[in-house]
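Trainee: Could you take me through the backbone oddities in the loops of this one? I'd like a close look at just that part.

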Amino acid sequence: MEVRIHECLDELSTDLADQIEELCEESIKDHGVFAVAISGGSIISLMRKLSEAPYKKTIDWSKWYIFWADERVVAKNHVDSNYKLAKDNLLSKLPIVPSHVYSINDSLTAEEAASEYEFVIRQLVKTRVVNVSNISDCPKFDLILLEVGADGHVASLFPNHPVLEEKNEWVTFIANAPKPPPERITLTLPVINSAANVIMVATGGVKAEAVRMAIDDMDPECSVLPARMIQPSVGKLVWFLDVEAASKLTRFS
Ligand SMILES: O=C(O)[C@H](O)[C@@H](O)[C@H](O)[C@H](O)COP(=O)(O)O
């Protein structure tokens, strides 16, 4: 695990864009594509540098395939939609091939949409657009980008929720998220932990306690915090923090 602490959001955004570009190049060199799962929240605006110079021109966008680590069960044009957030603020500004954008079906129930999304990913694993893990029966996304919530949740994996126990499904749904809206679809822990790379982002003092519990705390109770449970089996985990979010870390002060 690597922890990168930044003085300001602008510096964090630039470092994040540099890191994404580097992982993209490695992945395309290795197997010709870059399969990335994104989530909602402020991480989308922190990725905005990708749509600016030099990244917009230097990155090979034709090789990108976009997925969602989690989605809210609302229409795609609803203000709460993670798809809408990413489309309006990032994807519409990038030359990504529209057919490479795999959003979650918004015309189904949460349960149906989760199982359809898993089916879609299974087809893409068969055609090798998404790699397969060689140690688990899971897809191996090239990169999963997650933002930590103030309560320590990531994607739609919330503290003390039975969804954390899910071992068989790749994609599942929840009906009672503590953060609205309550109905959500999410990649499961085994899938996130099978990724080749996971980037976790947290900014602001409101996230400092969750970050401390996820990275620093030795208390066994913290081992069940979703953000702490993100530990890629063979992949690489990098945390991107600003000084406020890192303010309770003692190991890295
Ligand atoms: O659908 C969601 O709610 C998001 O995908 C979620 O996982 C988000 O990334 C975190 O909650 C952090 O969100 P904030 O940046 O708004 O705290």
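**Unusual backbone spots in the loops**

Mentor: Sure. Keep in mind that this is a predicted model. Let's start with Arg 128, which is exposed because its count is 12 other C-beta atoms within 10 Å, and the cut-off for exposed is 12 or fewer. You'll find Arg 128 in the loop that runs between helix H5 (110–126) and strand E5 (131–132). What catches the eye there is the backbone: phi is positive, about 65°, although Arg 128 is not a glycine.

Now go along to Asn 160, in the loop between strand E7 (143–147) and E8. Here again phi is positive in a residue other than glycine, with a value near 60°. Asn 160 is exposed too, since 10 other C-beta atoms lie within 10 Å and exposed means 12 or fewer.

Next come the cis peptide bonds. Look at the link between Ala 53 and Pro 54: the bond is cis, and omega is about 0°. Pro 54 sits in the loop between helix H2 (43–46) and helix H3 (55–58).

For another cis bond, follow the chain to Pro 180 and Pro 181, where the peptide bond from one to the other has omega near -5°. Pro 181 belongs to the loop between strand E8 (171–174) and strand E9 (184–187).

So when you click through the loops, check phi at Arg 128 and at Asn 160, then omega at the Ala 53 to Pro 54 bond and at the Pro 180 to Pro 181 bond.

Conventions
Residues numbered from 1 in each chain as written. Predicted model: local features only at pLDDT ≥ 70, side-chain atom pairs only at ≥ 80, totals over all residues. Helix = DSSP H or I, 4+ residues; strand = E, 2+ residues; numbered from the N terminus. Buried ≥ 20, exposed ≤ 12 C-beta atoms within 10 Å, placed from the backbone.
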